[in-house]
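Please open the model in a viewer and keep the selection tool at hand. The tour proceeds by selections, each followed by a description of what is found there.

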Amino acid sequence: MMRNTTARQDASPVVRVAGLRKSFGSHEVLRDIDFEVMPGEVVTVIGASGSGKSTLLRCINLLETPDAGHIWFHGQDLAAEHVDVNRLRENIGMCFQAFNLFNNMDVLGNCTLAPVTLRKASKAEAERMALEHLGEVGLADFVHAMPSTLSGGQKQRVAIARALCMNPDLMLFDEPTSALDPEIVGEVLEVMRRLAADGMTMVVVTHEMSFAKNVSDRVVFMDQGVIVEEGAPQKMFSSPTQPRTREFLARYLKD
């Protein structure tokens, strides 16, 4: 599968994080994180549960407020007082492990709500975009289905289509397959592979090592709130330099 990476040449980061710290009570979850994502890049964030991966993602979208540090999105500091955070956040799509669909709306309603209320798109235009993206994720026949009637894989694909309807510059995925039965994980990962191939800028927190190894441009390994090591997938999976990385990946290095 060919990756469309031309957009990255001579470009500025879509996201840049510097000195990011976040604690919950006395527990320091993120410690001086420095991190950036270039246009068209697919970055996977791996590590044990509790290492800070999801908190990093939630800070990027300001679903969690950092205690210290800075997050720039397209060069604008999200912590600056004059920045319209909600407007900037409209350009960041996010998919959660629990789907977070509106259960009182059908699939089409879930996909058109944000474009109409936030982007001020007409109902007809919002529905056109929704039908296009639902077709892309293989759910054209489920437009009027209610979320309660869908499988987990279908719900996650609706969530992806819903995010795409806002035409985001960045997609964040927080363990998008962890709540799915193993036999339907593949249908969600295939949608994500196609997004990657089309050049979507993506940050993916995942335990799916095959996706990290075969689809991402860069792998970031986190442990105890810090970035221990990062690099190209081939290097990370074949010859990691840090002992903690080697320990975490040991089962995959055998392959």
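Begin by selecting arginine 244, which counts as partly exposed at 26% relative accessibility in this predicted model. Next, add aspartate 223, whose side chain meets that of arginine 244 in a salt bridge with an N to O distance of 3.3 Å. Aspartate 223 counts as buried, at 14% relative accessibility. Arginine 244 belongs to helix α9 (residues 243-253) and aspartate 223 to strand β9 (residues 218-223), so the pair ties together parts that are 21 residues apart in sequence.

**Further salt bridges**

Select Arg21, Glu28 and Asp32 together: salt bridges that share partners join these residues into one network. Within it, the side chains of glutamate 28 and arginine 21 meet at 2.3 Å, N to O. Glutamate 28 is partly exposed, with a relative accessible area of 29%, and arginine 21 is likewise partly exposed, at 28%.

Proceed to glutamate 64 and arginine 58, whose side chains form a salt bridge at 3.4 Å, N to O. Here glutamate 64 counts as buried, with 19% relative accessibility, whereas arginine 58 is partly exposed, with 26%. Side chains of opposite charge can pair when their charged atoms come close. A search of the whole structure finds 15 salt bridges.

**The nonpolar cores**

Now select Ile160, Met171, Phe173, Met192 and Met202. Of the 37 residues in the largest nonpolar core, these touch the most other members. To see which elements surround the selection, colour α3 (107-117), α4 (123-136), α5 (152-164), β7 (170-174), α6 (182-197) and β8 (202-205), each of which gives two or more residues to this core. Helix α6 gives the most, with eight residues.

Centre the view on isoleucine 160. Which residues is it in contact with, leaving aside neighbours within four places in sequence? Isoleucine 160 is in contact with Cys95, Val137, Met171, Phe173, Val188, Val191, Met192 and Leu195. Apart from this core lies another, of 30 residues, which include Ile60, Val83, Met94 and Met222. In soluble globular proteins, nonpolar side chains tend to be buried together.

**The cavity**

Keep Ile60 selected and add Asn61, Leu78, Val85, Leu88, Arg89 and Ile92; these residues line the largest cavity. The space in this cavity is about 30 Å³, and the search of the whole structure finds one cavity of 30 Å³ or more. Helix α2 (residues 85-89) gives the most to the lining, with three residues. By class, the lining has five nonpolar residues, one polar residue and one charged residue.

**Two residues with positive phi**

Most residues other than glycine have a negative phi. For the final stops, select two residues that have a positive value.

Asparagine 100 is found in the loop between β6 (92-95) and α3. Its phi is positive, at about 60°, although asparagine 100 is not a glycine. With a relative accessible area of 39%, asparagine 100 is partly exposed.

Move then to glutamate 175, in the loop between β7 and α6. What is the phi of glutamate 175? The phi of glutamate 175 is near 45°, again a positive value in a residue other than glycine. Is glutamate 175 buried or exposed? Glutamate 175 is buried, with a relative accessible area of 13%.

Key
Residues are numbered from 1 along each chain as its sequence is written. This is a predicted model: local features need pLDDT of at least 70, side-chain atom pairs count only at pLDDT 80 or more; totals for chains, interfaces and linings use all residues. Side-chain values use heavy atoms; hydrogens and water are left out. A nonpolar core is a set of buried Ala, Val, Leu, Ile, Met, Phe, Trp, Tyr and Cys residues joined through side-chain atoms within 4.5 Å. Buried means under 20% relative accessible area, exposed over 50%, partly exposed in between (1.4 Å probe, protein chains only). Helices (H or I, at least four residues) and strands (E, at least two) are DSSP runs, numbered from the N terminus. Contact means heavy atoms within 4.5 Å. On a 1 Å grid over the protein atoms alone, a cavity is a set of points where a 1.4 Å probe fits but cannot get out, and a pocket is an open set with protein on both sides within 12 Å along at least five of seven lines; lining residues have an atom within 4 Å of a point. Grid points are joined across faces, edges and corners, and a volume is the space filled by probe spheres set on the points. Ala, Val, Leu, Ile, Met, Phe, Trp, Tyr, Cys and Pro count as nonpolar, Asp, Glu, Lys and Arg as charged, and the others, Gly among them, as polar. A salt bridge is a side-chain nitrogen of Lys or Arg within 4 Å of a carboxyl oxygen of Asp or Glu.
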